[in-house]
Amino acid sequence: MRYFMRLAYRGAPFHGWQSQPGEVTVQETLEKALSTVLRREMKIVGAGRTDTSVNARMMIAHFDVDSPLEDPQKLVRAINSLVGKDIAVYEIYEVEPDKHARFDATSRTYHYYAMSEKSPFFHQLCWKAPAGLDYDKMNEAAQLLLTTHDFTSFAKLHTDAKTNICKVTHACWHQIPGTDGWVFVITADRFLRNMVRAVVGTLVEVGRGKMSVEEFQAVIDRRDRCAAGTSMPGHALYLWEVTY
């Protein structure tokens with residue numbers, strides 16, 4: 001029997017999603033809680049692998065059991081009592097035995113939050129942006145991502161990715177109503193490691209006037225990570241939605 005788990009987490013306390021020796025990760029924390037409650041060693045597979053300090057408003061993971069769960073919501077409550085305040089499991093539900101949390105996902109959406117005004121409430125969850133960024137130019141450059149296929153310029157080097165081909169279907173900065181804040185929303189069929197943070201960092205170079213829209217296109221065409229901008233801080237990035 002296969003079950004999907006819908007959850008969210010704040011990334012700051014964790015060394016990313018994926019289990020790593022000697023590090024506290026979201027996957028490891030959930031597996032320990034699930035193993036404790038079900039009294040057997042449990043493994044889970046997530047829809048993605050968020051990096052250190054990256055948040056998830058919505059993550060989907062799957063796990064297998066030998067027989068049907070008597071009360072999935074009781075399991076939700078039990079896991080939540082063990083994983084601490086920075087992880088919240090919302091739902092556990094049965095799916096087809098061959099449905100895969102990662103490989104069956106058709107799209108993923110990330111949000112990156114930026115705010116110019118100093119805030120005592122959001123400083124740990126948003127990037128403190130400099131005043132005067134040209135978001136119109138940044139959006140003009142972002143539209144070039146919709147016709148890009150090879151994202152090597154925005155990919156972390158020396159990973160196990162077999163291809164750097166992605167299909168981006170949405171990429172746009174939106175102003176948050178009633179604030180000086182902006183959110184970059186990007187949707188694609190898949191993302192490479194560090195891709196969104198590198199894209200945002202390069203768009204910020206356009207917004208600062210240090211790179212033209214034409215130069216942004218040239219960065220894409222070079223397929224060279226060294227040509228792109230810096231990788232942005234992870235605390236302002238959120239895995240926002242996963243669709244199947």
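This tour moves from the whole chain to selected charged residues of a predicted model.

**The whole chain**

Begin with the entire chain in a cartoon representation coloured by secondary structure. The chain contains 5 helices and 9 strands. Read from the N terminus, the order of these elements is β-α-β-β-α-β-β-β-α-β-β-α-α-β. With a radius of gyration of 19 Å, close to the 18 Å given by the globule rule for 244 residues, the chain is as compact as a globular protein of that length. Orient the view along the principal axes: the C-alpha trace spans about 60 × 40 × 35 Å along them. Of the 244 residues in the chain, 51% are buried.

**A salt bridge between strands 1 and 3**

Next, select Arg 2 and Asp 64 and display their side chains. The two side chains form a salt bridge, with an N to O distance of 2.7 Å. This pair connects distant parts of the chain, since Arg 2 belongs to strand 1 (residues 2-9) and Asp 64 to strand 3 (residues 55-64), 62 residues apart. Is each partner buried or partly exposed? Arg 2 has a relative accessible area of 12%, which is under the 20% limit, so Arg 2 counts as buried. Asp 64, at 40% relative accessibility, is partly exposed.

**Two further pairs**

The chain has 11 salt bridges in total. In general, side chains of opposite charge can pair when their charged atoms come close. Select Glu 41 and Lys 43, whose side chains meet in a salt bridge at 3.7 Å, N to O. Glu 41 is exposed, at 65% relative accessible area, and Lys 43 is likewise classed as exposed, at 54%.

Then move to Arg 222 and Asp 224, which form a salt bridge whose closest N and O atoms are 3.5 Å apart. Here Arg 222 is exposed, with a relative accessible area of 55%, whereas Asp 224 is partly exposed at 25%.

**A network of three residues**

Which residues are linked to Arg 193 in a network of salt bridges? Select Asp 51 and Arg 197 together with Arg 193 to display the network. Arg 193 is located in the loop between strand 8 (181-188) and helix 4 (195-207). Its relative accessible area is 43%, and Arg 193 is therefore partly exposed. For a sense of scale, add Lys 118 to the selection: the C-alpha atoms of Arg 193 and Lys 118 are separated by 30 Å, and the two residues are 75 apart along the chain.

**A buried arginine in strand 5**

Now select Arg 108, which is part of strand 5 (residues 107-115). Arg 108 has a relative accessible area of 10% and is buried. A distance drawn from the C-alpha atom of Arg 108 to that of Thr 202 gives 21 Å, for residues 94 apart along the chain.

**A negative patch on the surface**

Finish with a surface representation and select Glu 94, Glu 96, Asp 98 and Asp 104. Together these residues form a negative surface patch. Within the patch, Glu 94 lies in strand 4 (residues 87-95). Glu 94 is partly exposed, with 49% relative accessibility, a value that does not pass the 50% limit for exposed residues.

Conventions. Residues numbered from 1 in each chain as written. Predicted model: local features only at pLDDT ≥ 70, side-chain atom pairs only at ≥ 80, totals over all residues. Heavy atoms only, no water. Patch = residues over 30% accessible without salt bridge, like charges linked within 9 Å, V, L, I, M, F, W, Y side chains within 5 Å. Areas by Shrake-Rupley, 256 points an atom, 1.4 Å probe, with all protein chains shown as cover. Salt bridge = Lys/Arg side-chain N within 4 Å of Asp/Glu carboxyl O. Lys, Arg positive; Asp, Glu negative; His and termini not counted. Charge placed at Lys NZ, Arg CZ, Asp CG, Glu CD. Helix = DSSP H or I, 4+ residues; strand = E, 2+ residues; numbered from the N terminus. Buried < 20%, exposed > 50% of the residue type's maximum accessible area, 1.4 Å probe, protein only. Rg over C-alpha atoms; globule rule 2.2 N^0.38 Å.
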